[in-house]
Amino acid sequence: MHPGHCMMWTKGEFTKLRFFLIVLGSSFAYSIVPNYFFPPISALSFVCWIWKNSITAQQIGSGLHGLGIGSFGLDWSVASYLGSPLATPGFTIVNTLIGFALTVYVLLPIAYWTNVYKAKRFPIINYHPFDASGASYNISQVLINETFQFNKRGYEAYSKINLSIFTAFNYGLSLATLSATLSHVALFNGSTIWRLWTPTRAKVRNQTTDVHTRLMKKNYESVPQYWFYIILVVALGLAILLSEGFQMQFQLPYWGVLLACALALFLTLPIRVITATTNQQPGLNLITQLVIGYLYPGKPLANVAFKTYGYTSISQAISFLADFKLGHYMKIPPKSMFIVQLVGMVVSCSIYFGTAWWLLSSVDHICDPQNLPKGSPWTCSGDDAFYSASIIWGVVGPLRMFGRLGIYEKMNWFFLIGLLAPLPVWVLSRIYPNKKRIKLMNMPIIIGATQSMPPARSVNYLTWAVVGIIFNFYVYRKFKSWWVKHTYILSAGLDVGAAFMALLVYFTLQLSGIHRIKWWALMVILTPVTVKHLR
């Protein structure tokens, strides 16, 4: 063998590996700027700079607390918060941008400035619950500390839960996303799914088998079905044992675990169809909170546990299938993939648990932004949204929120809206079968575009969309050969570089309590009264 063949690359050759390492190094070096030296570039807002003393301008222009008009981020972590825009199909980005614009720039301003549900009493975009006076909801008034259950007498003496207008409509849109997902999959993919499950499914599968499947079947043994059944029985048994053995801590009885698993089994297929065709996973976690909230009200821990068993099981199943699909294309033996994923699951869960335990016991005031040092990353925005949802759906319950005893009963109409929304698109696709762009209109994605808000912000959507459109339309059409060869490598390099810098900053600086350097760039370009009002 020629000595040069043993090298990683030959001199002067620009390989994919070299490109990946260059991108990784560049991303690593640049990420220190938004991460530590100049955080404001993660959410630039020209409207806020020009009219920095105007509350209305802040509501319109703030990319973090408002509509985000004129805002943009120069940070890959901001652009990739919704998933890599380079790895997301162009039509998905357009559908998401349409849904985001209709929700944030049409529905939200109309509802807010016409004072629907007394919207002006609360911040325009905020996921925390409020009482009738506009103050943050005092959970201690409606929760019995000894039993961690709903205090009906305290609730009636205190206040109903009020939401910001964005959160109220976002919950309604989440309900619409559920019904739209089921309707869309039934209309566009129902016949195919049915053929695969009829008595002739074996023949149909053989007809639709692609070259990758034929090669895998020829060279490797498939994973036996009983492997999956064993894991299902063991995992389900442990979940039931845990819920019954720690009834006071979990509040969820055994039938709740079984119901959550049944719900996950029913919803995995339609969600997987949408995810496989759009690279976006519809956020249907709301249905789990709604179901257990009606069946077992006043139990916040049961609500959280049911949501975890129901929705997180779907997310893990989809992640498992995505990994299997990648290994399928790379011709990795199925049994090897299965074992690696099983070992990886055990290792990752152990690391996650250990890390969480360590952070909770070592970081003072973690997840408490009011008492954390300025610039601290431990604000836990995602967990904060999770906590707020547990109050709404678990403590007070959907009956007193979206039922006959609540303020937002009319939001249930979104179920019907979502169910009917895919129908016109399907009809047009049948009338004009050669118009491919009609089939690219995906109503579950359009309706559920803002499902990641919060903790995502307007600036995340806008930056993600701009980067995605540039690469998946302009670069794809003008430099297609480069796009095919380098786009996904570029995405991976940017992700890895930003992740490595985040780890380095944490272990070398943040772990020692050094969160930011002190200089003028760290001054927030908002007046104190505006910041308070927006939040």
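This passage describes the nonpolar cores and the salt bridge of a predicted model. Residues are numbered from 1 along each chain as its sequence is written, and side-chain values use heavy atoms, with hydrogens and water left out. Because the model is predicted, local features need pLDDT of at least 70 and side-chain atom pairs count only at pLDDT 80 or more, whereas totals for chains, interfaces and linings use all residues.

The largest nonpolar core (buried Ala, Val, Leu, Ile, Met, Phe, Trp, Tyr and Cys residues joined through side-chain atoms within 4.5 Å, where buried means under 20% relative accessible area with a 1.4 Å probe, protein chains only) comprises 70 residues, and Ile 161, Leu 163, Tyr 171, Leu 252, Trp 393, Met 401 and Phe 402 have the most contacts inside it. Among the elements that give two or more residues to this core are α6 (90-113), α13 (254-278) and α22 (458-478), while α8 gives the most, with ten residues; helices are DSSP runs of H or I of at least four residues, numbered from the N terminus. Leaving aside neighbours within four places in sequence, Phe 402 is in contact (heavy atoms within 4.5 Å) with residues including Leu 163, Tyr 171, Trp 393 and Glu 409. Another core, of 13 residues, lies apart from the largest one and includes Leu 86, Phe 471, Trp 483 and Leu 490.

A search of the whole structure finds one salt bridge, defined as a side-chain nitrogen of Lys or Arg within 4 Å of a carboxyl oxygen of Asp or Glu. The partners are Glu 221 and Lys 335, with the closest N and O atoms 2.8 Å apart. This pair links distant parts of the chain, 114 residues apart, with Glu 221 in the loop between α10 (211-219) and α11 (225-245) and Lys 335 in helix α16 (residues 334-362). Glu 221 is exposed (over 50%), at a relative accessible area of 56%, whereas Lys 335 is partly exposed (between 20% and 50%), at 27%.
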